[in-house]
Amino acid sequence: MLLDTNLFCPICKRQLLINPTEVRCTTCQTSYPLLADCIPVLTPNPTETITRNYIEYTEYHRIQPAQQRANLLPTAYTHRPAAANTLSVAYAHNATLVEEIISSLLTHVTVASLTSFILHPPTRRTKYLFDSRYLYRDWSGLPESEAEIALIMRHLLPRLPATGPILFLGAGLGRIACEVAARREAVYAIDNSVAMGYLYNKAIAEPIEFYDINFKNIERAEQLAIRYSTNERLVNPIGKKNLTYIIGSAANLPFPDKYFAAIVSVYFTDVLPLSAYIGEISRTLADSAAFIHYGPLEYHFDNPSQMLALDELIDTFRLHRLELQEQDKVASTHCKSPVSGGYKLYTNWIMSFRKEVSDETLTADTVISIEQSILFSLSGQITNSSCQVSASIGSSQERNFEVNEALIEILKLLDGTTNFRGILQRISTTHGSIDNIFEAQLSSILVTLKQKGFLQFHNPGAAPSNRKIDHF
Ligand SMILES: C[S@@+](CC[C@H](N)C(=O)[O-])C[C@H]1O[C@@H](n2cnc3c(N)ncnc32)[C@H](O)[C@@H]1O
């Protein structure tokens with residue numbers, strides 16, 4: 001399958017070459033596997049990712065359900081033969097889904113990587129190896145689940161920009177990202193769980209039958225294991241076309257700097273310590289772009305020193321130039337089982353942050369104004385065969401800074417309202433087309449003049465100051 005999207009190398013952050021059989025970086029030559037022929041695994045060491053997951057799922061598949069079947073059932077369930085039967089059917093069925101995940105990984109596992117892993121077994125463990133709660137919350141159409149999805153969408157959609165790429169961190173089974181992709185132009189979902197990526201891809205293609213197993217808080221024995229099916233009618237065809245699902249980590253986003261118009265975290269901010277990925281959010285958000293958080297602070301890791309209170313979380317975002325714009329909260333259940341008498345009710349905080357524009361940055365949208373007055377002088381000498389002109393600029397703080405005479409003409413174009421793109425257009429109207437080298441050189445001169453205090457940059461949102469340019 002040919003992916004119809006932009007993908008980037010997690011190592012170089014350059015655009016990847018996509019063809020039906022591989023996704024490859026033409027800069028560092030790393031080749032990235034496509035899981036189930038369509039989900040790119042974009043981690044810096046994809047072979048390691050695939051092999052580690054293969055080993056984890058194989059272990060999960062062979063040992064855990066086997067123990068449940070072999071050890072638990074015959075002994076502990078002798079007084080509950082019907083329950084034993086229900087459970088063994090449910091486990092065996094769910095195991096077939098895990099087998100599919102293992103087969104999709106096996107295609108990409110090499111003997112060499114497997115040998116190396118057997119010698120050095122992985123110490124890290126992937127969470128969410130198989131989680132039926134998200135299958136029924138996202139794709140089964142149960143009333144409780146649809147109510148939760150509708151509530152999240154009601155709070156999310158008005159906060160999202162109308163245009164530009166949007167990224168969902170820890171996107172799980174992808175329903176929320178898919179709903180947004182039906183209404184926006186380019187949406188990406190990233191999750192480090194192979195099962196989430198695989199099952200998202202399966203759910204948008206065909207119904208998935210699975211069992212949800214509940215040992216506690218059920219009224220009737222038959223509710224011990226309930227068979228559900230995902231519902232094809234919930235899959236929005238536009239959403240699934242516009243959504244690109246990637247296996248990768250929030251802690252190493254495979255995207256270039258300033259790529260996203262918005263990054264969204266639904267029930268994810270508390271999954272990893274914020275310090276592990278906030279730098280990546282800040283790096284990949286465009287100037288003035290939004291970070292949107294929806295969810296509780298339940299914290300799914302062990303280090304208490306990283307379990308920030310809401311105000312500390314907001315302060316940490318501020319340190320990374322992400323300013324809180326507005327804040328709200330809503331109570332809701334999360335992945336509520338239709339049969340269990342026990343469920344969690346969270347206060348979900350909803351926060352929008354805006355990435356502050358760094359005033360050192362000169363982009364096509366930057367409006368450039370003159371800080372106070374720039375004084376300039378032109379002097380020169382004309383002979384029969386030559387004309388030598390020397391130009392300098394200065395201000396009350398900085399005098400006689402030698403420049404190219406053409407720069408004086410360019411400085412006269414800075415009216416405090418036209419952006420850099422407009423300035424370049426005006427130059428090309430007078431002097432003919434300009435190339436990338438000229439643009440890069442001019443950009444670096446303007447940044448230098450800014451650093452010397454002659455100019456001010458106003459990136460979208462900031463008010464420009466008045467223009468003044470005088471002779472000495
Ligand atoms: C609590 S679930 C939320 C899923 C989804 N956002 C939702 O609300 O339906 C957290 C998700 O984060 C994913 N995750 C955990 N660590 C991650 C990481 N380092 N990078 C990306 N995703 C990760 C998990 O696999 C899981 O799918």
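Author: A residue counts as exposed if 12 or fewer other C-beta atoms lie within 10 Å of its own, as buried if there are 20 or more, and as partly exposed in between. Please keep in mind that the model we are looking at is predicted.

Reader: Thanks! With that in hand, is Q29 buried or exposed?

Author: Q29 lies in the loop between β2 (23-24) and β3 (31-32). Its phi is positive, about 70°, although Q29 is not a glycine. The cut-off for exposure is 12 or fewer neighbours. Because Q29 has 8 C-beta neighbours inside 10 Å, the class it falls into is exposed.

Reader: How does C335 come out, buried, partly exposed or exposed?

Author: C335 is found in the loop between β13 and β14. This residue, too, is something other than glycine with a positive phi, in this case near 50°. Being buried takes 20 or more neighbours. C335 has 19 other C-beta atoms within 10 Å, so its class is partly exposed.

Reader: Which residues does S340 contact, leaving aside its neighbours within four places in sequence?

Author: S340 lies in the loop between β13 (322-333) and β14 (345-355). Because S340 has 15 C-beta neighbours inside 10 Å, this residue counts as partly exposed. Once neighbours within four places in sequence are set aside, the contacts of S340 are N214, K216, N217 and I218.

Reader: And how far is S340 from T27 in space?

Author: Along the chain, S340 and T27 are 313 residues apart. Going from C-alpha to C-alpha, the separation of S340 and T27 is 52 Å.

Reader: Let's move to a strand. Why does A189 count as buried?

Author: The place of A189 is in strand β7 (residues 187-191). Beyond its neighbours within four places in sequence, A189 contacts F168, A171, G174, A177, L243, Y245 and I246. A residue is buried if 20 or more other C-beta atoms lie within 10 Å. A189 is buried because the count of other C-beta atoms within 10 Å is 28.

Reader: What is the C-alpha separation of A189 and I176?

Author: A189 and I176 are 13 residues apart along the chain. Between their C-alpha atoms, the separation is 9.6 Å.

Reader: Now the helices. How are α1 and α3 oriented, roughly parallel or roughly antiparallel?

Author: The axes of α1 (residues 46-62) and α3 (residues 81-106) come within 9 Å and cross at roughly 155°. An angle over 145 degrees counts as roughly antiparallel, so α1 and α3 are roughly antiparallel.

Reader: What is the make-up of that contact of α1 with α3 by class?

Author: On the α1 side, the contact is made by I50, N53, Y54, Y57, T58, Y60 and H61, and on the α3 side by A95, V98, E99, I101, I102, L105 and L106. The crossing of these two helices, α1 and α3, is left-handed. By class, the residues of the contact of α1 with α3 are 10 nonpolar, 3 polar and 1 charged.

Reader: How do α3 and α8 sit relative to each other, roughly parallel or roughly perpendicular?

Author: α3 and α8 (residues 194-203) pack with their axes 10 Å apart, at an angle of about 105°. Angles of 65 to 115 degrees count as roughly perpendicular. Therefore the relation of α3 to α8 is roughly perpendicular.

Reader: Which residues of α8 make the contact?

Author: The contact of α3 with α8 divides into 5 nonpolar, 1 polar and no charged residues. From α3 come I101, S104 and L105. From α8 come V194, A195 and Y198.

Reader: Which residues are closest to the ligand?

Author: The ligand is surrounded by 20 residues. By class, this shell divides into 13 nonpolar, 5 polar and 2 charged. The closest are G170, G172, S193, A250 and Y267.

Reader: Which residues does E280 contact, leaving aside its neighbours within four places in sequence?

Author: E280 has its place in helix α10 (residues 278-284). Because E280 has 17 C-beta neighbours inside 10 Å, this residue counts as partly exposed. Outside the four-place window, its contacts are A250, A251, N252 and L253.

Reader: Finally, what share of the chain counts as buried?

Author: The chain has 14 helices and 20 strands, and its C-alpha trace spans about 110 × 50 × 40 Å along the principal axes. Among contacts between residues at least 6 apart in sequence, 70% join residues at least 24 apart. Of the 472 residues of the chain, the share that counts as buried is 33%.

Notes. Residues are numbered from 1 along each chain as its sequence is written. This is a predicted model: local features need pLDDT of at least 70, side-chain atom pairs count only at pLDDT 80 or more; totals for chains, interfaces and linings use all residues. Axes are lines fitted to C-alpha atoms, for helices over the stretch in contact, and angles run from 0 to 180 degrees between N-to-C directions. Helices (H or I, at least four residues) and strands (E, at least two) are DSSP runs, numbered from the N terminus. Angles under 35 degrees count as roughly parallel, over 145 as roughly antiparallel, 65 to 115 as roughly perpendicular and the rest as oblique. A crossing is left-handed if the near helix is turned anticlockwise from the far one by less than a right angle, and right-handed if clockwise. Two residues are in contact if their C-beta atoms, placed from the backbone, lie within 7 Å. Ala, Val, Leu, Ile, Met, Phe, Trp, Tyr, Cys and Pro count as nonpolar, Asp, Glu, Lys and Arg as charged, and the others, Gly among them, as polar. A residue is near a molecule or strand if its C-beta atom, placed from the backbone, lies within 6 Å of it.
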